[in-house]
Amino acid sequence: KVKYSSRTTFELEKKPAEKAAVKTGDRVGVIGSKLPTGELMANEVILGAPAPKSVGAKKPDHRH
């Protein structure tokens, strides 16, 4: 979970967006900081973040 404030900005396709555009399950990128309580406070939320690339996926080994 990430907290946001009235100063947090939201962006979709490099254009300002409303926080109402965020839906449960959406992928987002967050730029922010960790509060003394351990919570994350978002300064900027980037909507429509791409899915991460699969790390560690092996290519077939065709050497014989």
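## An aromatic pair

Two rings of Phe, Tyr or Trp count as a pair if their centres lie within 6.5 Å, and planes over 60 degrees apart make the pair edge-to-face. In this structure, which is a predicted model, a search of the whole structure finds one aromatic pair. Its members are Y4 and F10, whose ring centres are 5.6 Å apart. The angle between the two planes is 85°, and the arrangement is therefore edge-to-face, given the cut-off of over 60 degrees.

The two partners can also be described by their accessibility. Y4 has a relative accessible area of 45% and is partly exposed, whereas F10, with a value of 10%, is buried. The value for F10 falls under 20%, so this residue meets the criterion for burial.

## The hairpin of β3 and β4

Strand β3 covers residues 28–34 and strand β4 covers residues 40–47. The two strands pair in the antiparallel sense, and seven bridges join them. Within this pairing, I31 is placed opposite E44 of β4.

Together, β3 and β4 form a hairpin, with five residues between the strands. The turn includes G38, which has a positive phi of about 95°.

## A salt bridge to the loop

The structure contains one salt bridge. It joins the side chains of K3 and E39, with a distance of 3.8 Å from N to O. K3 belongs to strand β1 (residues 2–12), while E39 lies in the loop between β3 and β4, so the pair ties together parts that are 36 residues apart in sequence.

Both partners are partly exposed: K3 has a relative accessibility of 40%, and E39 has one of 35%.

## A nonpolar surface patch

V2, V22, V28, V30 and L40 make a nonpolar surface patch of about 330 Å². One of these residues, L40, lies in strand β4. The relative accessible area of L40 is 41%, and L40 is thus partly exposed. This value is over 30%, so L40 meets the accessibility cut-off for a patch residue.

## The segment after β4

G48 is located in the segment that follows β4. This residue is exposed, with a relative accessible area of 61%. When residues up to four places away in sequence are not counted, G48 touches L12 and R27.

The position of G48 can also be related to V22, a residue of the nonpolar patch. G48 and V22 are 26 residues apart along the chain, and their C-alpha atoms are separated by 9.3 Å.

Key: Residues numbered from 1 in each chain as written. Predicted model: local features only at pLDDT ≥ 70, side-chain atom pairs only at ≥ 80, totals over all residues. Heavy atoms only, no water. Pairing = 2+ DSSP bridges. Helix = DSSP H or I, 4+ residues; strand = E, 2+ residues; numbered from the N terminus. Salt bridge = Lys/Arg side-chain N within 4 Å of Asp/Glu carboxyl O. Buried < 20%, exposed > 50% of the residue type's maximum accessible area, 1.4 Å probe, protein only. Patch = residues over 30% accessible without salt bridge, like charges linked within 9 Å, V, L, I, M, F, W, Y side chains within 5 Å. Areas by Shrake-Rupley, 256 points an atom, 1.4 Å probe, with all protein chains shown as cover. Phe/Tyr/Trp six-rings, centres within 6.5 Å; stacked < 30°, edge-to-face > 60°. Contact = heavy atoms within 4.5 Å.
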